[in-house]
Amino acid sequence: MSFEITGKLIVKYNTVQRSETFKTREFVIEKSDDINGRVINNYIKFQSVQDRTGIVDRFNEGENVKVYFNIKGTRWEKDGKVNYITNLDAWRMESVMAAPAPGTDSMPNYNTPQMPAGGGDGGDDLPF
């Protein structure tokens, strides 16, 4: 299953060669949400792997981006102790226009003219 999220690119890390055949790269976006008039900032770390490690190259820190990703979960056991690891594996990124600040009205103001009452023909008040 695929997910997507939009936020501001905060930091991008260097590619790390984990083994002879496996490499990863991490980056973080900031997602701001307005919850009952209070702005909450969340920082979400993603990883990209193998041929996808370059997807973040063309974006600058501070730029608004949309990240497409999959959630991967792994069970890891060592010395009898079990641990679970969750990764957000990014596979695509695209640039987006700056989102309005949380708590601001994102609806355009069209300033439509008002029809005069009566419509001028002495009939009903309908504008058509």
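These legends go with a set of close-up views of one predicted model.

**View 1. The whole chain is built from strands.**
Let's start with the overall layout of this predicted model. The chain has six strands and zero helices, so reading from the N terminus you simply get β-β-β-β-β-β. Of the 128 residues in the chain, 20% are buried. Look at the contacts with a separation of 6 or more: 52% of them are between residues 24 or more positions apart. The accessible surface of the chain adds up to about 9700 Å², and carbon and sulfur atoms hold 50% of that.

**View 2. Here is the largest nonpolar core.**
How many residues does the largest nonpolar core have? The answer is 14, and Phe27, Ile29, Phe46, Val67 and Met93 are the ones with the most contacts inside this core. Five strands chip in with at least two residues each: β1 (2-12), β3 (22-35), β4 (38-49), β5 (64-78) and β6 (81-95). Strand β5 gives the largest share of the core, three residues. As a bit of background, nonpolar side chains tend to be buried together in soluble globular proteins.

**View 3. Zoom in on Val67 and its contacts.**
Leaving aside residues up to four places away in sequence, which residues does Val67 touch? The list runs Phe3, Glu4, Ile5, Phe27, Ile29, Phe46, Ala90, Arg92 and Met93. Several of these names come back in the views below.

**View 4. Phe3 and Phe69 stack their rings.**
This is one of four aromatic pairs in the structure. The ring centres of Phe3 and Phe69 sit 5.7 Å apart and the planes meet at 25 degrees; planes under 30 degrees apart count as stacked, so this pair is stacked. Phe3 belongs to strand β1 and Phe69 to strand β5, so the pair joins distant parts of the chain, 66 residues apart. Are the two rings' residues buried or exposed? Phe3 is partly exposed, at 32% relative accessibility, while Phe69 is buried, at 9%.

**View 5. Phe27 and Phe46 make another stacked pair.**
Here the centres are 5.4 Å apart and the planes are at 20 degrees, so Phe27 and Phe46 are stacked too. Phe27 sits in strand β3 and Phe46 in strand β4, 19 residues apart along the chain. Both are buried: Phe27 has a relative accessible area of 0%, and Phe46 has 1%. Put this view together with the previous one and you get one aromatic cluster, made of Phe3, Phe27, Phe46 and Phe69.

**View 6. Arg92 lies over a ring.**
Which ring does Arg92 lie over? That would be Tyr68: Arg92 is over the face of this ring, 4.9 Å from the ring centre. Arg92 also turned up among the residues that Val67 touches.

**View 7. Salt bridges connect strands.**
The count of salt bridges comes to six, and three of them are described here. Glu4 and Lys66 meet at 3.4 Å, N to O, linking strand β1 to strand β5 across 62 residues. Glu4 is partly exposed, with a relative accessible area of 48%. Glu30 and Lys8 meet at 3.7 Å, N to O, linking strand β3 to strand β1. In this pair Glu30 is buried, at 13%, whereas Lys8 is partly exposed, at 32%. Lys45 in strand β4 pairs with Glu26 in strand β3, and their closest N and O atoms are 3.5 Å apart. Lys45 is partly exposed at 44%, and Glu26 is partly exposed at 25%.

Key
Residues are numbered from 1 along each chain as its sequence is written. This is a predicted model: local features need pLDDT of at least 70, side-chain atom pairs count only at pLDDT 80 or more; totals for chains, interfaces and linings use all residues. Side-chain values use heavy atoms; hydrogens and water are left out. Helices (H or I, at least four residues) and strands (E, at least two) are DSSP runs, numbered from the N terminus. Buried means under 20% relative accessible area, exposed over 50%, partly exposed in between (1.4 Å probe, protein chains only). Contact means heavy atoms within 4.5 Å. Accessible areas come from the Shrake-Rupley method with a 1.4 Å probe; for residues, only the protein chains shown count as cover. A nonpolar core is a set of buried Ala, Val, Leu, Ile, Met, Phe, Trp, Tyr and Cys residues joined through side-chain atoms within 4.5 Å. Rings of Phe, Tyr and Trp (its six-membered ring) pair if their centres lie within 6.5 Å; planes under 30 degrees apart count as stacked, over 60 as edge-to-face and the rest as tilted. A charge sits over a ring if NZ of Lys or CZ of Arg is within 6 Å of the ring centre and within 35 degrees of the ring normal. A salt bridge is a side-chain nitrogen of Lys or Arg within 4 Å of a carboxyl oxygen of Asp or Glu.
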